[in-house]
Amino acid sequence: MPHARHAARYKILGRRLQAARIAAGLTQEQAANRMGYPQTFISKCERAYRRVDVIELEEFATTYNVPISRFHAPLTADENRLLERDRARRAARMRDADTT
């Protein structure tokens with residue numbers, strides 16, 4: 001699982017990967033076959049259970065026929081809310097840890 005500090009950002013990336021795959025009309029199995037990975041690789045990346053490096057991100061972009069910038073575009077309003085909730089949870093955990 002990705003480091004907790006960046007978990008929300010990996011969730012956002014996973015959602016973007018999934019949206020691009022679906023827009024390309026591919027199943028996880030089809031995408032995995034084209035990329036030379038098992039289907040579980042695609043699943044773990046989309047669910048943010050696995051970090052994606054820049055080389056893999058290029059492979060996703062090529063497979064889905066989208067620019068790599070699609071995965072690193074400015075955050076949407078919903079994505080910003082997700083990050084803010086995550087930051088608030090982390091801050092609350094840190095406050096709780098300081099008081100114990």
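These legends accompany close-up views of one predicted model.

**View 1. Aromatic rings gather into one cluster.**
Let's start with the rings, since the structure holds three aromatic pairs. Phe41 and Phe60 make a stacked pair, with 5.9 Å from centre to centre and 10° between the planes. This pair ties together distant parts of the chain: Phe41 belongs to helix H3 (residues 39-46) and Phe60 to helix H4 (residues 54-64), 19 residues apart. Are Phe41 and Phe60 buried or exposed? Both of them are buried. Phe60 also pairs with Tyr64, and here the arrangement is tilted: the centres are 5.8 Å apart and the planes stand at 50°. Phe60 and Tyr64 both sit in helix H4, four residues apart, which is about one turn of the helix. Tyr64, like Phe60, is buried. Put Tyr37, Phe41, Phe60 and Tyr64 together and you have one aromatic cluster. As you look, keep in mind that a pair of aromatic rings is described by the distance of the centres and the angle of the planes.

**View 2. Several helices contribute to the largest nonpolar core.**
The largest nonpolar core contains 17 residues. Which of them touch the most other members? They are Leu17, Ile42, Val52, Phe60, Tyr64 and Phe71. You may recognise Phe60 and Tyr64 from the aromatic cluster in the previous view. The elements that each supply two or more residues to the core are helix H1 (7-23), helix H2 (28-35), H3 and H4. H4 gives the largest share, four residues. In soluble globular proteins, nonpolar side chains tend to be buried together.

**View 3. Val52 and its contacts.**
Here we take a closer look at Val52, one of the core residues that touch the most other members. Which residues does Val52 contact, leaving aside neighbours within four places in sequence? The answer is Tyr10, Leu13, Leu17, Cys45, Leu57 and Phe60.

**View 4. Helix H3 and what covers its buried residues.**
Try picking out the buried residues of H3: they are Phe41, Ile42, Ser43, Cys45 and Glu46. The cover over these buried residues includes H1, H2 and H4. Follow the chain just past H3 and you reach Ala48, which takes a positive phi of about 65°.

**View 5. Ala31 in helix H2 meets residues from elsewhere in the chain.**
Ala31 lies in helix H2. Its relative accessible area is 0%, so Ala31 is buried. How far apart are the C-alpha atoms of Ala31 and Tyr64? They are separated by 8.1 Å, although the two residues are 33 residues apart along the chain. Not counting residues up to four places away in sequence, Ala31 touches Arg21, Leu26, Ile42, Thr63 and Tyr64.

**View 6. Helices H1 and H5 cross.**
Two packed helices are described by the angle between their axes and the distance between the axes. For H1 and helix H5 (residues 77-99), the axes come within 9 Å and cross at roughly 155°. This angle is why H1 counts as roughly antiparallel to H5. The crossing of H1 past H5 is right-handed. On the H1 side, Ala8, Arg9, Lys11, Ile12, Arg15 and Arg16 take part, and they meet Glu79, Leu82, Leu83 and Asp86 of H5.

**View 7. Leu82 at the meeting of H1 and H5.**
Now zoom in on Leu82, which lies in helix H5. Leu82 counts as buried because its relative accessibility is 8%. Leu82 and Ile12 are 70 residues apart in sequence, yet their C-alpha atoms are 8.4 Å apart in space. Once neighbours within four places in sequence are left aside, Leu82 is in contact with Ala8, Lys11, Ile12 and Arg15.

**View 8. Two loop residues with positive phi.**
Ala48 is not a glycine, but its phi is positive, about 65°. You can find Ala48 in the loop between H3 and H4. With a relative accessible area of 4%, Ala48 is buried. Asn65 also has a positive phi, near 55°, and is a residue other than glycine. Asn65 lies in the loop between H4 and H5. Is Asn65 buried or exposed? Asn65 is exposed, because its relative accessible area is 71%.

Methods
Residues numbered from 1 in each chain as written. Predicted model: local features only at pLDDT ≥ 70, side-chain atom pairs only at ≥ 80, totals over all residues. Heavy atoms only, no water. Phe/Tyr/Trp six-rings, centres within 6.5 Å; stacked < 30°, edge-to-face > 60°. Buried < 20%, exposed > 50% of the residue type's maximum accessible area, 1.4 Å probe, protein only. Core = buried A, V, L, I, M, F, W, Y, C linked by side-chain atoms within 4.5 Å. Contact = heavy atoms within 4.5 Å. Axes fitted to C-alpha atoms, helices over the stretch in contact; angles between N-to-C directions. Parallel < 35°, antiparallel > 145°, perpendicular 65-115°, else oblique. Left-handed = near helix turned anticlockwise from the far one by under 90°.
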